[in-house]
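Please open the model in a viewer and follow the stops below in order. Each stop says what to select and what is found there.

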Amino acid sequence: QALDCSLYVNIGGVFSLQQTHYNVPNGATDSFNLTLPNGNYIWNVQCTDQFNNASGAANNTLTIQTFVPVPGQKIFFPSDDTFVEKANPANKNGNSNTMQESGQNGSIRRIFMKFDISNITAPITSAFLTLCRDTSSGSHNVGIYHAINDTWNETALNWTLQPTLDVAPIITQFVTSSGTGCVQKRFDITSLINSEIGIGST
């Protein structure tokens, strides 16, 4: 049974139809191609069969942030990223669209990110970890820690299997409420990267 599937996106603050793919086989994988500027978006896909029965999942969010390096600067994206939950120690969140962190009792969550820095030579003058916070409330200290080993991967990691962290954080920063949309937070990790390069870490 074929389906007609439509993509809706809130471009310019208006949630509207962007594309429709006709006669998509039921159970098949399909994709939409759409060029969007930097920003925060809500999107959804709704499919209808020949009897006009419609179905669609909950709305999804998407943040697009293009980074343009300056001369001499390199931008690295994580090879693996996920988060783990103390309350759900077996959960694996590597396929999640967002990462969550929390220090509250009963809902502790930790974010893990791994980067390949094997092509960097020391010394470097500066290195920053840039995160985008998109929650609308809550303010607290966020600490960046070094993991003792990097043998984990995002699809298998959970609270039970998480690597050991150094006792002291590399840096902490008080992160305030972001309001709405993506607000970038930068953490200076220059000393860590220089140290990792010096011992041959990747």
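## Whole chain

Start with a cartoon of the whole chain, which shows one helix and eleven strands. This is a predicted model. Coloured from the N terminus on, the elements run β-β-β-β-β-β-β-β-β-β-β-α, with the helix at the end of that order.

Turn the model along its principal axes: the C-alpha atoms fill a box of roughly 65 × 45 × 35 Å. Now switch on the surface. The accessible surface comes to about 13000 Å², and carbon and sulfur atoms account for 50% of that area. Of the 202 residues, 24% count as buried.

For the contacts, take pairs of residues at least 6 apart in sequence; 63% of these contacts join residues at least 24 apart. Then select the charged side chains. There are 9 positive and 14 negative ones, and the centres of the two sets lie 9 Å apart.

## The second largest pocket

Select L7, V9, F32, N33, L34, L36, Y41, W43, V45 and L62 and show their side chains; these residues line the second largest pocket. The volume of this pocket is about 170 Å³.

Which strands each supply at least two residues of the lining? They are strand 1 (2–11) and strand 3 (39–48). Strand 3 gives the most, with three residues. Keep both strands in view and compare their residue ranges with the selection: L7 and V9 fall in the range of strand 1, while Y41, W43 and V45 fall in that of strand 3.

## Two asparagines with positive phi

Next, select N23, which lies in strand 2 (residues 14–25). Its phi is positive, about 55°, although N23 is not a glycine. Is N23 buried or exposed? The relative accessible area of N23 is 57%, and the cut-off for exposed is over 50%, so N23 counts as exposed.

Move on to N52, in the loop between strand 3 and strand 4 (54–56). Here too phi is positive in a residue other than glycine, with a value near 65°. N52 is exposed, its relative accessible area being 65%.

## Y145 and the stretch it touches

Select Y145, in the loop between strand 9 (140–144) and strand 10 (171–175). What does Y145 touch, apart from residues up to four places away in sequence? Add L165, D166, V167, A168, P169 and I170 to the selection; these are its contacts.

To follow one of these pairs, draw a distance between the C-alpha atoms of Y145 and D166. The two residues are 21 apart in sequence and 6.3 Å apart in space. Despite the listed contacts, Y145 is partly exposed, with a relative accessible area of 39%.

## Two phenylalanines

F128 is the next residue to select; it lies in strand 8 (residues 128–133). Leaving out residues up to four places away in sequence, F128 touches R186, F187, D188 and I189. At 38% relative accessibility, F128 counts as partly exposed. For a distance, pick the C-alpha atoms of F128 and P69: they are 59 residues apart along the chain and separated by 13 Å.

Then select F115, in the loop between strand 7 (109–114) and strand 8. F115 is also partly exposed, with a relative accessible area of 26%. Its C-alpha atom and that of T82 are separated by 13 Å, and the two residues are 33 apart along the chain.

## The helix

End at helix 1 (residues 190–198) and select N194 within it. Which residues is N194 in contact with, once its neighbours within four places in sequence are left aside? They are A122, P123 and I124.

Finally, draw the distance from the C-alpha atom of N194 to that of T121. These residues are 73 apart along the chain, and the separation is 8.6 Å. The relative accessibility of N194 is 23%; buried means under 20%, so N194 counts as partly exposed.

How values were computed: Residues are numbered from 1 along each chain as its sequence is written. This is a predicted model: local features need pLDDT of at least 70, side-chain atom pairs count only at pLDDT 80 or more; totals for chains, interfaces and linings use all residues. Side-chain values use heavy atoms; hydrogens and water are left out. Helices (H or I, at least four residues) and strands (E, at least two) are DSSP runs, numbered from the N terminus. Buried means under 20% relative accessible area, exposed over 50%, partly exposed in between (1.4 Å probe, protein chains only). Contact means heavy atoms within 4.5 Å. Accessible areas come from the Shrake-Rupley method with a 1.4 Å probe; for residues, only the protein chains shown count as cover. Lys and Arg count as positive and Asp and Glu as negative; His and the chain ends are not counted. The place of a charge is taken as NZ of Lys, CZ of Arg, CG of Asp or CD of Glu. On a 1 Å grid over the protein atoms alone, a cavity is a set of points where a 1.4 Å probe fits but cannot get out, and a pocket is an open set with protein on both sides within 12 Å along at least five of seven lines; lining residues have an atom within 4 Å of a point. Grid points are joined across faces, edges and corners, and a volume is the space filled by probe spheres set on the points.
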